[in-house]
Amino acid sequence: MEKIIQHLQGAFDVKAVKKQRNDLYFVTVGKDQAIPAVTYLRDAEGFSHLVMITVADWMEKGVFELNYIVHNYQLHADISICTNIDREEATMHSAHHLWEQAWTYQRELKEMYGIEFPGSPRVDESFNLEGWDNIPPMRREFDTLKYANETFFPRPGRVSHDPATYMKQKLYPNE
Amino acid sequence: MEDKKTFIDPDLTKRTVIGPNGEDITVDPIQDYFCDALPKKHEPKRAKIFENFFNWARAESIWVLGFGTGCGSIELYPLLTPRFDAYRFGVQMRPTPRQANLMIISGYLSVKTLKRAIRSYEQMQNPKFVMALGSCTINGGMYFDSYNTINRLDKYMPVDVYVAGCMPRPEAILAGFEALKKRIKAGKAEGANLYAENFETYKANQKKIIRDWNMPDYNW
């Protein structure tokens, strides 16, 4: 695995490497180098399986962190290629030519986060949310509770407690 | 965000097909395959003894539509195994809404599933009943703040009996069948009539959350 990481560092402008386990590395590269790095891992290093494309919403930093996790069946190892893209104009190069599964992941990311993947097949069709007309719901500025209270019919009488104080009242009321 | 294209089901668009003798046939599925007539209230028989007899027969032959939503669908399969054996209560599963008279909403309903559930419910023939499992159908349960799951099922379709729990075990569902039978025999399971009477309200609630409404208002 160290050798593969060294190859990656030689071929691409790697910004950070984080070793999670012996068989799991997180490699951060620039936006334009993510797809070439994934292609290199697939074609030259035997990481033939796309585990998932996932995204973390870092609202404070103003970025989406995209993760392309690929798996090598011979080494039983995973490498995640991470890249940060701008949150306001969220556009990423499509990976649909590498794996067909990427179509669906990108369709989901488009719907849930509003990330554009130009050229990806069927990316504009609705995936889970049919006819959604609000901001994409997995973005952190979207207030799900407010939306649910306005859209659905909340049944009155629901209360919620802070678990720590509630359990203390129930179990140790005198302390 | 920008305007989204509304996805129109290609099966529902008007088209011309070539018949067996080479003639052109125009097919408009919304008009031809579905009925736009409103649901009718089921009038009970004039003699009470006949109505009681029919209610007894309905109660003893509950045929469930095999429609699983959410986590409760996995609780339905053990009902048919020898351990719980729902068949001794006259309960059996049917593959199509046309043959079923009980719809079990087995857990949370996303908006996408609600659209399919409403279509299946409307395709069932009278008399028909709805059983709702789990706290998700009562007040949203643990998904009360979700952007995509409904909170109260009875705003969108009439519910005859609720089985509380998260999830209710098969014994609780059997007890729910017994409660439903009692209601049917007493002539109180009037969900389908409620749906027919308050059709406008139900449709307004459904259309409020189902934004790509590309089906007829009532299809049976």
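In this predicted model, the buried residues of helix H6 of chain B are Ile173(B), Gly176(B), Phe177(B), Leu180(B), Lys181(B) and Ile184(B). They cover an arc of only 140° around the axis, which means that they sit on the same side of H6(B). The helix itself takes in residues 170-185, and because each of its 16 residues should add 1.5 Å, a span of 22 Å is expected, in agreement with the 23 Å that separates its end C-alpha atoms. Among the elements that cover the buried residues of H6(B) are the helices H2 (48-60) and H3 (73-76) of chain B, together with the strands S3 (62-65), S4 (91-94), S6 (129-133) and S7 (161-163) of that chain. After the helix comes Gly187(B), a residue whose phi is positive, near 75°.

From this helix one can turn to the interior of chain B. The largest nonpolar core has 50 residues, and those touching the most other members are Leu102(B), Met103(B), Ile105(B), Met131(B) and Met157(B). Two or more residues of this core come from each of the chain B strands S3, S5 (102-106), S6 and S7, and likewise from each of the helices H4 (111-123), H5 (134-139), H6 and H7 (191-197). Met103(B) illustrates the packing: when residues up to four places away in sequence are left out, Met103(B) touches Leu65(B), Phe67(B), Ser120(B), Tyr121(B), Met124(B), Lys128(B) and Val130(B). A second core, separate and made up of 27 residues, includes Leu8(A), Tyr68(A), Leu109(A) and Tyr113(A).

Chain B as a whole has 8 helices and 7 strands, and its C-alpha trace spans about 55 × 50 × 35 Å along the principal axes. Of its 220 residues, 34% are buried. Where contacts in chain B join residues at least 6 apart in sequence, 78% of them link residues at least 24 apart.

A contrasting position is found in the loop between S4 and S5 of chain B, where Thr96(B) lies. Thr96(B) has 11 other C-beta atoms within 10 Å and is therefore exposed. Its C-alpha atom is separated by 25 Å from that of Asp212(B), a residue 116 places away along the chain.

In chain A, strand pairing can be followed through S2, which comprises residues 24-29. Strand S1 (residues 14-21) runs antiparallel to S2(A), the two being joined by 6 bridges, and a hairpin of 2 residues leads from S1(A) to S2(A). One of the paired positions is Arg21(A), whose bridge partner in S2(A) is Leu24(A). S2(A) also pairs with strand S5 (residues 77-86) of chain A, here in the parallel sense and over 5 bridges, and in this pairing Thr28(A) has Cys82(A) as its bridge partner in S5(A).

The side chains of a regular strand alternate between the two faces of the sheet. In S2(A), the covered face consists of Tyr25(A), Val27(A) and Val29(A), whereas Leu24(A), Phe26(A) and Thr28(A) form the uncovered one. Two residues named above for their bridges, Leu24(A) and Thr28(A), thus belong to the uncovered face.

Finally, the two chains meet at an interface in which 21 residues of chain A are in contact with 19 residues of chain B. On the side of chain A that touches chain B, the residues divide into 9 nonpolar, 6 polar and 6 charged.

How values were computed:
Residues are numbered from 1 along each chain as its sequence is written. Chains are lettered from A and ligands numbered from 1 in the order in which they are written. This is a predicted model: local features need pLDDT of at least 70, side-chain atom pairs count only at pLDDT 80 or more; totals for chains, interfaces and linings use all residues. Two residues are in contact if their C-beta atoms, placed from the backbone, lie within 7 Å. Ala, Val, Leu, Ile, Met, Phe, Trp, Tyr, Cys and Pro count as nonpolar, Asp, Glu, Lys and Arg as charged, and the others, Gly among them, as polar. A residue is buried if 20 or more other C-beta atoms lie within 10 Å of its own, exposed if 12 or fewer, and partly exposed in between; C-beta atoms are placed from the backbone. Helices (H or I, at least four residues) and strands (E, at least two) are DSSP runs, numbered from the N terminus. Two strands pair if DSSP finds at least two bridges between them. The expected span of a helix is 1.5 Å times one less than its number of residues. The arc is that of the directions from the helix axis to the C-beta atoms. A nonpolar core is a set of buried Ala, Val, Leu, Ile, Met, Phe, Trp, Tyr and Cys residues joined through C-beta atoms within 7 Å.
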